[in-house]
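I opened this entry to look up how parts of one chain are held against each other, taking charged pairs, helix packing and the nonpolar interior in turn.

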Amino acid sequence: MQFFKDLSLSAVTAGFVAMLVGFTSSVAIIFQAAQALHATPAQITSWVWALGLGAGLCTLVPSLLVRMPVMVAWSTPGLAVIATAGLEGGFDMAQAVGAFLVCAVLMTLAGATGWFERAMNRIPMEIASALLAGVLARFGLQAFTAAQTALPLVLLMLGGYLLARRFVPRYAVVVTLAVGVAWVLLRGELAWASVHLELARPVFTAPVFSLSATISLAVPLFIVTMASQNLPGVAVIRATGYKIQVSRLITLTGLATVVLAPFGAHALNLSAITAAICMGPEAHPDHAKRYTAAVACGVFYVVVGLFGAIITSLLMAFPKELVAAIAGLALLGTIGNGLAVALREEAHREAALITFLVTLSGVALAGVGSAFWGVAAGSLALLVQGFRSGHAARG
């Protein structure tokens, strides 16, 4: 099979790192959102099962079919919306599932009609690349701010990364991860006591539809997912040079969410952070073979879903500094490439820089994240500069 011929250790490692980063960065918020909805422990495990299975299959199958890295994850900002709405509105799990289904239908329509992709086609590559760099730069910063609480770990991982980049650049992430895990094991900092041997079981929750849940939960979840997740997800796809049909992917994630929402999946969407890991040169030097990293990531996500309770507790046993460091260091190349493309054209340079800074700021207005406002600010800058240039030419 061609897939096994294309597969490499660096691709498998990139897939694992992508899963590790995606899961550990949001698993705590999953629990917070579920608890705000008064979910039972069985429903929480089912939530993890649904997200892992949905993201895994939506990543694995399309990547194998189109031989390009298709990366799907779930809406982490959406979890924050759910947690807030659950506490403020007093919604229960059944009402939340109803809101998840409404959001899923809206996402499916956004993909099927193609309006989201048409909107993205109007955004210059420099703006998309600046958006990507802004989203990823926060993770790059976290890799070094982790040194405040785990200086030896971060320094060792940084040293391992730099040496590997010098001598074995293809396996830089492999070496960095191995160094970090070895240090944690030697120091006895892996929290084995938190690991529980329990398999995940899906729990069906019948949806309850209400106007208040639709307004307070479904609509904000849809907006946040499209603006803060799918928008930078498309930016990663385009910045890395892949010709993937975005509308079909948006439709796929919407339909998958419809199927899995009664089991807890709140919103599946295009990935940005983990996509950058699997679509970058660290995953595979051959652009045409990086799909294997996405397939590996999909397999790992499915494993997380099937063994949800065990994997959840195991991943949570890793120190948060290790996860922050490996995520930031693995993304350095992609951040650099994004900035290089964003600033290459003088005509778009200021607008791209504004996009980068607004996105990096993390500002959230009206419940919408900085990814959307970064693009809005950059596009406004382009509009004003274009008007100014046109006015000067006429004068």
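For the charged pairs I counted a salt bridge wherever a side-chain nitrogen of Lys or Arg lies within 4 Å of a carboxyl oxygen of Asp or Glu. I keep in mind throughout that this is a predicted model.

**Entry 1, salt bridges.** With that rule I arrived at 4 salt bridges. I looked up arginine 344 and glutamate 126, whose side chains meet in such a bridge at 3.8 Å, N to O. Arginine 344 sits in the loop between α17 (332-342) and α18, whereas glutamate 126 belongs to helix α8, so the pair ties together parts that lie 218 residues apart in sequence. I then checked the accessibility of both partners: arginine 344 has 49% relative accessibility and counts as partly exposed, while glutamate 126, at 7%, counts as buried.

I next took glutamate 282, which forms a salt bridge with arginine 165, the closest N and O atoms being 3.9 Å apart. This pair also links distant parts of the chain, since I find glutamate 282 in the loop between α13 (273-279) and α14 (291-306) and arginine 165 in helix α9 (residues 151-167), 117 residues apart. Glutamate 282 is buried, with a relative accessible area of 7%, and arginine 165 is partly exposed at 38% relative accessibility.

I also noted lysine 320 and glutamate 321, a salt bridge in which the closest N and O atoms are 3.5 Å apart. Here lysine 320 counts as exposed, at 63% relative accessibility, and glutamate 321 counts as buried, at 11%.

**Entry 2, helix α8 against helix α18.** Having met glutamate 126 in helix α8, I asked how the axes of α8 and α18 cross, and at roughly what angle. The axes of helix α8 (residues 125-145) and helix α18 (residues 346-361) come within 8 Å and cross at roughly 35 degrees, and I recorded the crossing as right-handed. On the α8 side I listed the contact residues, among them Glu126, Ala130, Ala133, Ala137 and Leu141, and on the α18 side, among them, His348, Ala352, Phe356 and Leu360. Sorted by class, the residues of this contact are 11 nonpolar, 4 polar and 2 charged.

**Entry 3, nonpolar cores.** I then looked up the largest nonpolar core, which has 117 residues, and noted that those with the most contacts inside it are Trp47, Met71, Trp74, Ile82, Phe100, Leu268 and Leu331. Helix α11 (residues 211-239) supplies the largest share of this core, 12 residues. A second, separate core of 6 residues includes Ala130, Ala133, Ala137 and Ala352, and I had already listed these four alanines in the contact between α8 and α18.

**Entry 4, isoleucine 82.** From the list for the largest core I picked isoleucine 82 and asked whether this residue is buried or exposed. Isoleucine 82 has 0% relative accessibility and therefore counts as buried, and I place isoleucine 82 in helix α5 (residues 76-89). Leaving out residues up to four places away in sequence, I find that isoleucine 82 touches Ala33, Leu37, Trp47, Phe100, Leu217, Leu221 and His266. Of these neighbours, Trp47 and Phe100 are also named among the residues with the most contacts inside the core. As a last check I took leucine 270, which is 188 residues from isoleucine 82 in sequence and 19 Å from isoleucine 82 in space, C-alpha to C-alpha.

Conventions
Residues numbered from 1 in each chain as written. Predicted model: local features only at pLDDT ≥ 70, side-chain atom pairs only at ≥ 80, totals over all residues. Heavy atoms only, no water. Axes fitted to C-alpha atoms, helices over the stretch in contact; angles between N-to-C directions. Left-handed = near helix turned anticlockwise from the far one by under 90°. Contact = heavy atoms within 4.5 Å. Nonpolar A, V, L, I, M, F, W, Y, C, P; charged D, E, K, R; others polar. Core = buried A, V, L, I, M, F, W, Y, C linked by side-chain atoms within 4.5 Å. Buried < 20%, exposed > 50% of the residue type's maximum accessible area, 1.4 Å probe, protein only.
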